[in-house]
Amino acid sequence: MKGLKYHFFVILLFASSTATYAQTAADTSYHAHLKQYNIKEETVVTATRTERKLSNVAIPTKIITQKSIKQAGSMRLSDILQEQSGLFLTSGFGTGVQMQGLNPDYTLIMINGEPLVGRTSGVLDLNRLAVGNIKKIEIVKGPSSSLYGSEAMAGVINIITDQTPNNKLAASLRYGTYNTKDFNCNTTFSKGKFTFSHFLNSYQSDGFSIRPYAVERTVAPIWRLTNQFHTSYQASAKTKIDIDLRYAYEHIQNEIAVTNNGIITYSKGNEYHKDFNLNPVITHLFSNKLKSTLRLYATNYNADQNLNTSGNSIYDDQLNHQFVRVENQTDYYLNDQISFNTGIGYVQEGVKSNRYELNSARRTNNINYVFAQTEIKPIEKLTIIVGFRYDNNQLFAAAFSPKIAAMYKATEHLKFNASIGRGFKAPDFRQLYLNFTNTAAGGYSVFGALEAQKQIDFLQNIGQILSIESDYYKLKELHPEYATGINFGLQYNPNQQIQFDLSFFRNDVENLIDTRLVAYHKSGAQIFSYLNLKNAYTQGIESQMSVKITPQFAVSAGYQYLLTADKDQVKEIEAGRVYTIDASGFARLMRLDEYIGLPNRSKHMANFKLSYENENFFTNLRIIYRSKWAVSDKDGNGLYNSNDGFANAFAQINIAAGKQFSKQFRAQIGCDNIGNYIDMANLPNLAGRTFYTTLSFQFNQKNKK
Amino acid sequence: MAMAIVASSFYACTDNTKSIIDTSNNGSYKVYTLNDVTEVQNLIADTIIGTSAQGQPVGTGHFTFFSLKNRAMVPLTDSATSNWDVAFRGTTILTNAGTSGPGMGGAYMHVGLFADVISFNADSTIRTDAAPVYAIKTGSNKGWYIYDGPNNLVTPIPGRVLMIRGADSKLYKLEINNYYKGGVTPLTTATSAIKLSTQRYYNFRYKAL
C-alpha cells in the first residue's frame, strides 16, 4: 500500500451525491441521447424507473442527499425521515412512516429498487435500516403501483446506496447519550472492470426508560449489525453486472416486571431479527436506443421473539418471510419525443409463522406481473407519462393499476404538474392465514380470511362456538385495498436562491381491510377475522420553501395540512346516528364539525431548518412540529372526534455542528430534542435530550488512469 | 382521584333539591331527584377486592340490587324477591325476571337520546334474562359499553338508553354515564392499580315512563 499515492478527499462536506454520481459506460452512451444531459444536476430513478433529471421528471420526487443525512447526524432511516415534510412517524410494531395520511402499510420501502419485506402488523420498522452508506433517498408521493405493484399505494421510499467507484476507506464512530455507539466503515476498491465496496455498521444502545423507577426500558437495549457488499463488473462497453448482498441482524433485550398484588414477576425477553438480501442485476445495451435490465432478487426476513417468565413456559413467536423475484425491464428510447419502458416479472413469496396453523408449512403466493409506461413530449414544454401495471395473484383477486402524469413548464422558472393514478395493497399473509388465540389475554382468537370459516365450522362441529355473528356470513375472498390518488402542484424558482413547491393531494381509499367480530367461543371469548369494509379519504396541501440567503446561509421550511375521514362514519354522522357526551357524561348528538377523521394523524405538520455552511464548518438548527392527534376514543362512540383523547402538539428542536480539521479528519457534535420533550404514552420512541459526538476519517486513493 | 372527589362534592353542595342516601355496608352512593329524573352516583357493583389464583381481579361475586321505584339499594337477602328492579355486578346488569328473579321485569336497549324516549311498547320489545344471555347484553360493543383492552377501560356507549321493565312491570328509561368512582374515567395513562380500584362504580340516571 505504501507505494500508492493517496489523495485526500473531503467527502462528507463536499460529496454532493450528484457530483460524484457514477455513470457506467452503458449508462453514459444511453444518456448521450438524452440531449443536454447535465451531470451536475440531480437525477432520480424512482419516479419513472429510468434515470431522469429531477427537473424533467413529470412525477415530483423528493431527494434527501447524503450531505443532509450526515449533517443531521442520522443513524437510522427513521432519524432522517422524521425531519421531512409530510412524513409522520408512527410507533407501535416498530417505527413506521405515514405518508399523505395513509398508514405505514401503504408505503413501499425499497433498497436500490428492490422491496424490503418483514412487516409486523403492516409496519416495516425503519430502524432496521442504517443510513451510513446511502447516496440518497428518493421519495415519490401518491400511488405508484403502476410501476411497483402492491404496497406502493401512498408512495415509495427508495434508498439508493453509494456505489461510487473509487478507492477509499472511510470510518466514523459516534458516541452519545444512553451509551449509544454507532460505527460505520465504508471500503471501496476498484480495479479495471471491477468495483467492490463494503459497508459495515454496528449500532449499540443501552436503550432508555422515560418511566422513572421502571425495570423495563421504553426502548430496550439493542444491538444492530449491517453488512452490505456491492460488486460490479463492466463485462463490455455494453454489459454491466452488479451484485448486491446485504445482511442485517438485530438483537433486542427486554426485561419486564409485572406487579400484581405487590408480587413482582420478572420476565426476560429476546428478539432477533435477521434480514438477508441478494440482488444480482445484468444491464445490457442492445443499441444506443434499447436497454434491457434483468434483475434477480431474493430476500429472507426472520423474526424470533421469546419471553421467559420465571415459573412459566417460554412464549415464542416466530415469523419467516421469503420473497424471490425475477424481473426484466426494457427501456426503449425512440426519439426526443417518445420513450417506452416495459417490464415483466414473477414473484414467489412465502411466510412461515407459528401463528398460522401448521407452523412448519410455508404459506405461499405467486404473482405474475407486467407493466408498461410511455413518456411523450408532444411539445417542448409538455411531458406526459402514461403507464399501467397488471398483477395476477394466485391467492386473491388481480389488480390493475393505471397512472397518467403530466408536467408543463410554463416558463423557465415555473412548472405545473398533475397526476392521477391507482395504487393497491394486496392482503398480507397475516390477513389470509393467521390462526392465533391469545391465551394470555382472555382467549380471543383472530383467524385470517382463508382460515376463518374452516376454523369456526370445525369449532362449531365440536360444540365450541357460542354464537355466530352476522359478519361471519360476509366472509369471502379478500380483495386488494385500492386507492385512487390525485396530485397536482407547482414548482416555482424565480432565481437560483429560491425554490418554492406547492402541491395538493387527495387519496380515495376503497376496500380497506378491517377486523370484525365474526363469532364467539363457547367461553364467551371473541373471534375476529378480516373483511374488506372501509372506505376513507385523505387529502391535504404540502408546501416547501427554501431560500439561500447568502452562499453560506440557508433557510428552509415545509408544511403539510391534512384532512382525513372514514366515509362510512361521515354518512352515519350525517344521518344523525352518532352520539357523543356532554359535560355530565350523558349522551347528545354529535355534529359533523366535531369529527376528526382517522386517528394518529396531525392536521398540521411543519419543519424548519436553518443552516450555515462554509468550506470547513457547518452548523444547523432543525425544528419539527406536529399538531395534536387523536389517540383514544374517550367518549366511547367508536369514532374520533373533538371530545376524545389527544396527544399534545409538540415541537422537537435538534442542532448539529461539524468541522473539517484536515482532509481526512472531521468531527461533529449534536444535540437532539434540546427542549427535552417527552410524551411517554404517545411518543415512546422519542428519547429526551440526547447528545452525541461523531469522529470521521477518510482515506482516498486516486484511481490510476 | 382528587379531581373526582372535588367534582362530586361540588355537585352535592350546589344543588339543594337533592338528597343523599348513605348505606354503611356498601360504601356510599348518592341519589338525587330533579324533575322526575333520578340520578344515581357511585353505586358499587362488586368492586375488586383482590386477585384470583390466575391473577384475574375479582370481587365478592355478589350483585348489587337496586329498586328503581324506591330509589335505593335492596339488601342481598332480598335477592330472590320482587323488591328489586335492576342488579349490577361488574359490567353485567340483571333485570328481575327469567333466570334472574321472580318479578315481571325485563329490558331492551334503545339507540337514541334519553330525552327523546317518551314511551315504548314493552310487550313487543322487552326481553328477559336467560343466563348466560341477559336482556342487557354483556360484552364490548354488544350492549351498553365498550371495553378498550389495551388501556383496560370501560366506557358507556353514548346514545344507548336501557329500557327497563321493573319487577312490578313499571317502565323506566335508564342511561349510564360512567363506570368509575366519582363519575370520572381514569386517564389512559393511569396505573392499573387506579384503574382497578376505581372501576365498578355505576353512575346513571333514570326516569319512570
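Helices are DSSP runs of H or I with at least four residues, numbered from the N terminus. In this predicted model, helix α7 of chain A is followed by A:G463, whose phi is positive, near 70°.

**Chain A and its helix α7**

Chain A holds eight helices and 38 strands. It has 705 residues, and 52% of them count as buried. Take the contacts in chain A with a separation of 6 or more: 61% of them come from residues 24 or more positions apart.

Helix α7 covers residues 452-461 of chain A. Its buried residues are A:A452, A:Q455, A:I456 and A:L459. Seen down the axis of α7(A), these buried residues fall within an arc of 95°, so they line one face of the helix. What do the buried residues of α7(A) pack against? Their partners are strands of chain A: β23 (435-438), β24 (444-447), β25 (465-468), β27 (498-521) and β28 (526-548).

**Where chain B meets chain A**

The contact draws 22 residues from chain A and 20 residues from chain B. About 1500 Å² of area is buried between the two chains. Carbon and sulfur atoms give 60% of that area.

Between chain B and chain A the count is one salt bridge. It joins the side chains of B:K142 and A:E469, at 3.2 Å from N to O. Four residue pairs across the interface are in polar contact, with both residues at pLDDT 80 or more. On the side of chain B that touches chain A, the elements giving two or more residues are β11 (153-156), β13 (171-180) and β14 (199-208). By class, that side has seven nonpolar, nine polar and four charged residues.

**Backbone details**

Two residues other than glycine have a positive phi, as tabulated here.

| Residue | Phi | Location | Relative accessibility |
|---|---|---|---|
| A:N511 | near 65° | strand β27 of chain A | 25% |
| B:D36 | about 70° | loop between β1 (30-34) and β2 (37-44) of chain B | 57% |

Is each of them buried or exposed? A residue is exposed over 50% and buried under 20%, with partly exposed in between. At 25%, A:N511 therefore counts as partly exposed. At 57%, B:D36 counts as exposed. A:N511 is also found in β27, one of the strands that the buried residues of α7(A) pack against.

Chain B also has a cis peptide bond. It joins B:A131 and B:P132, with omega about 5°. B:P132 lies in the loop between α2 (122-125) and β10 (145-148) of chain B.

Note on methods. Residues are numbered from 1 along each chain as its sequence is written. Chains are lettered from A and ligands numbered from 1 in the order in which they are written. Side-chain values use heavy atoms; hydrogens and water are left out. Contact means heavy atoms within 4.5 Å. Buried area is the accessible area (1.4 Å probe) that two parts lose on being put together, summed over both. A salt bridge is a side-chain nitrogen of Lys or Arg within 4 Å of a carboxyl oxygen of Asp or Glu. A polar contact is a pair of N or O atoms within 3.5 Å; within protein, one must be able to donate a hydrogen and the other to accept it, and residues adjacent in sequence count only if both atoms are side-chain atoms. Ala, Val, Leu, Ile, Met, Phe, Trp, Tyr, Cys and Pro count as nonpolar, Asp, Glu, Lys and Arg as charged, and the others, Gly among them, as polar. Buried means under 20% relative accessible area, exposed over 50%, partly exposed in between (1.4 Å probe, protein chains only). The arc is that of the directions from the helix axis to the C-beta atoms.
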